[in-house]
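Open the model in your viewer and switch to a cartoon representation. The stops below go from a strand pair to the sheet, then to the helices and a loop.

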Amino acid sequence: MLRIELDKHGRKGKAATLITDFQGDDSELERIQKSLQKSLGTGGSRCWNSTEPFDGQILLQGDVRLKAKAWLEKEGYKVKVI
């Protein structure tokens, strides 16, 4: 189950949406990240093969939790908004 949460720490108060707990390979994570950015019209990045707790995360700029949840559920992922 993917977790979607809002994070403002270390960003001078600016909001960022984090999608965590991804289980899969790097190519699938990259596909999801690029598709989310394109469909939501926002910037972002992904973290893979980095130190915990950042491994397997997608970061999207802004508070797009509900839009990301709808997109991921449409793609067949189970999602929990934190």
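Start by selecting L6 and T17: T17, in β2, is the bridge partner of L6. The model is predicted. Widen the selection to strand β1 (residues 2–7) and strand β2 (residues 16–20), which run antiparallel and are joined by five bridges.

Next, show the whole sheet. It is open and has five strands in the order β3-β4-β2-β1-β5, with mixed pairing. At the edges are β3 and β5 (79–81), each pairing on one side only. From one strand to the next, the twist averages 20 degrees.

Now add the helices. α1 packs on the sheet and touches β2, β3 and β4 (57–61); the direction of α1 makes about 165 degrees with that of β3. α2 also packs on the sheet, where it touches β1, β2, β4 and β5, and its direction makes about 165 degrees with that of β1.

Hide the strands and keep α1 (residues 26–40) and α2 (residues 65–74). How far apart are the axes of the two helices, and at what angle do they pack? The axes lie 11 Å apart, and the angle is about 125 degrees. α1 and α2 are therefore oblique to each other. The crossing of α1 past α2 is right-handed.

Show side chains at this contact: I32, S35, L36, S39 and L40 in α1 meet K67, A68, W71 and L72 in α2. By class, these are six nonpolar, two polar and one charged residues.

Finally, select G41, in the loop between α1 and β3 (44–47). Is G41 buried or exposed? G41 has a relative accessible area of 68%, so it is exposed. Add Q61, 20 residues away along the chain: the C-alpha atoms of G41 and Q61 are separated by 9.7 Å.

Notes:
Residues are numbered from 1 along each chain as its sequence is written. This is a predicted model: local features need pLDDT of at least 70, side-chain atom pairs count only at pLDDT 80 or more; totals for chains, interfaces and linings use all residues. Side-chain values use heavy atoms; hydrogens and water are left out. Axes are lines fitted to C-alpha atoms, for helices over the stretch in contact, and angles run from 0 to 180 degrees between N-to-C directions. Helices (H or I, at least four residues) and strands (E, at least two) are DSSP runs, numbered from the N terminus. Angles under 35 degrees count as roughly parallel, over 145 as roughly antiparallel, 65 to 115 as roughly perpendicular and the rest as oblique. A crossing is left-handed if the near helix is turned anticlockwise from the far one by less than a right angle, and right-handed if clockwise. Contact means heavy atoms within 4.5 Å. Ala, Val, Leu, Ile, Met, Phe, Trp, Tyr, Cys and Pro count as nonpolar, Asp, Glu, Lys and Arg as charged, and the others, Gly among them, as polar. Buried means under 20% relative accessible area, exposed over 50%, partly exposed in between (1.4 Å probe, protein chains only). Two strands pair if DSSP finds at least two bridges between them.
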